[in-house]
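Colleague: Hello! I am new to this one, so could you show it to me and let me ask a few things?

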Amino acid sequence: MTLQDQVISALKKVYDPEMPVNIYELGLIYGVDVDTEGKVAICMTLTAPNCPVAGTLPADVERAARAVPGVTGVKLELTFDPPWTKDRMSEAAKLALGLEDIIPIARIRR
């Protein structure tokens with residue numbers, strides 16, 4: 001497993017306290033880059049600029065990445081461009097939140 005994979009795995013353990021889905025599956029992580037020295041650059045967003053966890057969630061993300069053995073530094077960028085939408089969520093996250101039908105309606109109407 002690469003260091004990038006390990007960081008992503010660590011980020012999958014960070015949850016938005018208002019949703020039962022991790023931030024990676026929610027699509028809040030726009031990018032994770034790891035250089036050869038173990039420095040990690042994370043670009044992330046929040047579900048909205050006025051998100052109640054705006055003051056704590058980025059710090060939780062940075063802390064999770066720093067805890068991965070081999071990480072020598074973390075630079076976190078918080079962005080709202082492009083804005084987050086539910087389209088960024090994984091299928092598993094959509095199902096967990098009840099946003100997707102298990103059997104699409106188009107298939108039922110045959």
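Colleague: Which residue in strand 2 is the bridge partner of Gly31?

Modeller: Happy to help, and please keep in mind that this is a predicted model. Strand 1 and strand 2 run antiparallel to each other and pair over 5 bridges. In one of these, the partner that Gly31 finds in strand 2 is Cys43.

Colleague: Which residue in the turn of the hairpin has a positive phi?

Modeller: The hairpin is formed by strand 1 and strand 2, with 4 residues between them. In that turn, a positive phi of about 90 degrees belongs to Gly38.

Colleague: Within what arc do the buried residues of helix 1 fall?

Modeller: Helix 1 covers residues 3–11, and its buried residues are Leu3, Val7, Ile8, Ala10 and Leu11. Looking down the helix axis, you see that they line one face of helix 1, because they fall within an arc of 160 degrees. Their cover includes helix 2, strand 1, strand 2 and helix 3. To come back to your question, the arc they fall within is 160 degrees.

Colleague: Does Leu76 count as buried or partly exposed?

Modeller: Leu76 sits in strand 3, residues 73–78. Leaving aside residues up to four places away in sequence, Leu76 touches Ile42, Met44, Pro58, Val61 and Glu62. Buried means under 20% relative accessible area. The relative accessibility of Leu76 is 22%, so Leu76 counts as partly exposed.

Colleague: What separation do the C-alpha atoms of Leu76 and Val32 have?

Modeller: Along the chain, Leu76 and Val32 are 44 residues apart. In space, their C-alpha atoms are separated by 9.5 Å.

Notes: Residues are numbered from 1 along each chain as its sequence is written. This is a predicted model: local features need pLDDT of at least 70, side-chain atom pairs count only at pLDDT 80 or more; totals for chains, interfaces and linings use all residues. Side-chain values use heavy atoms; hydrogens and water are left out. Buried means under 20% relative accessible area, exposed over 50%, partly exposed in between (1.4 Å probe, protein chains only). Helices (H or I, at least four residues) and strands (E, at least two) are DSSP runs, numbered from the N terminus. The arc is that of the directions from the helix axis to the C-beta atoms. Contact means heavy atoms within 4.5 Å. Two strands pair if DSSP finds at least two bridges between them.
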